[in-house]
Amino acid sequence: KQPDSLKAPREATKRELTGFSPATSQCQLVTEVWAWELLSLLAVVAVAYSQHSPMNAGSPSQGPEPLGAPDCRLMTALDTQMSHYSELYQPSTVEQFLSKELGMWSYNVMLFAVANPALQTIDVDTQMKPAIRSLKAANVEPQEIWFLVTKHLEIFRHPISLQRWLDFLSAQALQSRDIATFLLRAPAALFTDCTQAQALQVLGYLKALGVKQEYMFSRVLCSCPGVLTQDPETKLQPIVSFLTALGLEHQAIALMACVYPELLLCSVQDQLQPLVSYLQNIGCSNLQVARLLQEVPQALSKKPAEAFGCRIAAVKQLGVQDDPLRGVVQSSTAWLTTKGAPQEQIEYLMNELKFSAGQVGYLVTSCPAILSEKPLELKRKVDFLHQQLNMELADLAKHPTYLGASLMQVIGPRHAFVLSKGLEAKLLTSGAACTSSSVRAHGGAFGWDLTALVAGEDVDFADSLGASVNEYEGFRTAFEEEYTTKLSKDAAKEFQDELRKLGIYEGQ
């Protein structure tokens with residue numbers, strides 16, 4: 001039940017609402033009404049759910065209450081109370097205009113006005129009307145205009161500036177939806193501190209940098225309109241000069257801007273330089289830094305330790321010290337950007353293959369490419385090691401590069417080619433854990449030299465066998481096609497098996 005202490009203030013507020021005068025702050029008044037109404041609704045919720053509890057399941061004479069009855073009473077109470085106060089609500093002039101001009105339900109306008117008192121500070125005749133009618137003249141849909149009102153109300157304070165920007169955007173042949181997107185993301189400074197002449201200078205600079213016209217707005221400026229507020233000489237040029245010093249060409253920088261336009265808003269001193277210094281300290285060369293910035297320019301939005309620190313820490317937990325870690329980074333940076341790396345790879349090696357932390361540390365420092373291999377690919381290589389090469393996990397410690405090579409492009413075709421030519425002896429080594437089934441008849445304790453199997457380019461591999469590189473490349477292409485087909489069939493079978501488990505597979 002509602003406490004008596006709440007009834008009097010609530011009734012007073014209701015009387016104040018019915019006797020509303022222009023001198024009263026409508027937003028404050030409505031907020032008070034909704035505050036007391038919320039307390040009342042909470043009381044309704046408490047009563048409804050207390051009656052639905054086991055202790056109030058029904059008296060012996062009446063029997064248990066039908067399931068869902070408290071919820072029905074609750075919804076009825078909510079609807080009644082909300083409708084009551086919606087009828088008493090007196091919309092302001094600006095709210096009436098929005099509801100009529102945009103065809104919005106007055107209830108939605110009321111909720112927005114209550115949550116955003118700043119709406120009442122916008123003059124209807126000199127600000128809101130001309131702004132909305134300019135948007136309509138630019139063919140922006142009423143729903144999109146309402147979305148702009150709810151998300152970016154401040155732009156409606158500057159109708160003259162808004163009209164100028166609409167003219168500017170229309171001259172660039174932007175569609176109405178792109179115009180709405182541009183305005184939604186535009187900073188307030190664009191309407192107060194930036195002119196169209198300055199914007200044209202930015203456009204010219206970006207075109208000279210290499211940003212294509214079809215991507216200028218769709219990829220860059222609609223996603224990040226704040227770029228137009230940047231002075232080309234003092235803001236944009238330092239960024240470009242810093243990146244070119246790392247070895248990036250203008251075209252590469254233009255591509256980065258299309259992928260991550262916020263790059264053009266970065267501070268050289270506060271964002272670019274700290275990230276580059278961090279990457280250089282962990283072992284990256286300038287070329288590697290440039291490549292990483294191209295692959296993940298989004299890293300500029302974070303502190304360097306937040307962007308790469310977890311990956312570095314995961315490798316260090318294996319006992320890898322700073323100097324070996326630099327060697328890992330210098331050999332491969334793919335694991336710094338691959339999703340899930342290196343945590344997923346380390347977990348697979350330790351949990352599934354039962355390697356110790358020290359053993360995993362040795363493997364990844366000897367072959368850093370392991371850190372960017374998907375766990376599923378690692379599993380396939382291990383299965384191939386057991387089933388096709390007849391070797392054991394212990395052999396991987398002697399040949400860590402095996403796990404870093406591609407099963408489809410290197411391990412599989414080379415192994416199959418050697419067998420097809422009867423050249424196994426050229427890739428066998430003594431002292432391995434077990435022997436290849438194809439040479440057991442020779443009676444010697446031999447195993448595959450996994451390092452030689454995956455080492456070098458294809459031309460080097462073919463030369464080591466005394467075979468034609470053209471013949472091997474043709475063999476490899478056919479193997480890759482067959483292997484891809486097999487993977488597709490296996491994936492389809494796994495998917496069908498999952499559907500059967502769910503009982504929704506209708507095939508044979």
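How do the residues of the lining of the largest pocket divide into nonpolar, polar and charged? Keep that in mind as you open the viewer, and remember along the way that this is a predicted model.

**Stop 1: the largest pocket**

Start by selecting Arg380, Leu407, Tyr483, Lys486 and Asp490, the residues that lie nearest the centre of the largest pocket. The full lining has 19 residues, and the space in this pocket is about 610 Å³. Now colour the lining by class: you will find eight nonpolar, four polar and seven charged residues, which settles the opening question.

Next, bring up the helices around this space. H21 (375–387), helix H22 (407–421) and helix H25 (469–502) each give at least two residues to the lining. Which helix supplies the largest share of the lining? Select H25, which contributes eight residues.

**Stop 2: the loop before H21**

Stay with H21 and step back into the loop that joins helix H20 (357–366) to it; Ala369 is found there. Ala369 is partly exposed, because its relative accessibility is 27% and that class runs between 20% and 50%. Add Pro400 to your selection and draw a C-alpha to C-alpha distance: Ala369 and Pro400 are 10.0 Å apart in space, with their positions 31 residues apart in sequence.

**Stop 3: the second largest pocket**

Move on to Lys302, Glu306, Ala307, Phe308 and Arg311, which lie nearest the centre of the second largest pocket. Here the space comes to about 230 Å³, and 13 residues form the lining. Helix H17 (residues 304–316) gives the largest share, five residues. By class, this lining holds six nonpolar, four polar and three charged residues.

**Stop 4: two cysteines**

Is Cys310 buried or exposed? Select Cys310 and show the surface: this residue is exposed, because its relative accessible area of 57% is over 50%. Then jump to Cys367, which counts as buried because its relative accessibility of 8% is under 20%. As for disulfides, the count for this model is zero.

**Stop 5: helix H16 and its cover**

Now select residues 286–295, helix H16, and pick out its buried members: Gln288, Val289, Ala290, Leu292 and Leu293. What covers these buried residues? Turn on helix H13 (232–245), helix H14 (250–259), helix H15 (268–281) and helix H18 (322–331), which are among the elements that cover them.

**Stop 6: Gln230, just ahead of H13**

From H13, go back into the loop that connects helix H12 (213–221) with it, and select Gln230. Gln230 is buried, because its relative accessibility is 14% and the cut-off is under 20%. A polar atom of the Gln230 side chain lies 3.3 Å from the backbone oxygen of Leu264. Leaving aside residues up to four places away in sequence, Gln230 touches Val202, Lys235, Leu236, Leu264 and Leu265.

**Stop 7: helix H6, end to end**

Finish with helix H6, residues 124–137. At its N-terminal end, Asp123 acts as a cap: one of its side-chain oxygens lies 3.2 Å from the backbone nitrogen of Asp125. Along the helix, select the buried residues Val124, Gln127, Met128, Ala131, Ile132, Ser134 and Leu135. These pack against helix H4 (93–102), helix H7 (142–151), helix H8 (159–171) and helix H9 (176–185). Which residue just after H6 takes a positive phi? Click on Asn139, where phi is about 70 degrees.

Key: Residues numbered from 1 in each chain as written. Predicted model: local features only at pLDDT ≥ 70, side-chain atom pairs only at ≥ 80, totals over all residues. Heavy atoms only, no water. Buried < 20%, exposed > 50% of the residue type's maximum accessible area, 1.4 Å probe, protein only. Helix = DSSP H or I, 4+ residues; strand = E, 2+ residues; numbered from the N terminus. Contact = heavy atoms within 4.5 Å. 1 Å grid on protein atoms, 1.4 Å probe; cavity = no way out; pocket = protein on both sides within 12 Å on 5 of 7 lines; lining within 4 Å. Points joined across faces, edges and corners; volume = space filled by probe spheres on them. Nonpolar A, V, L, I, M, F, W, Y, C, P; charged D, E, K, R; others polar. Polar contact = N/O pair within 3.5 Å; in protein donor to acceptor, adjacent residues only side chain to side chain. Disulfide = S-S within 2.5 Å.
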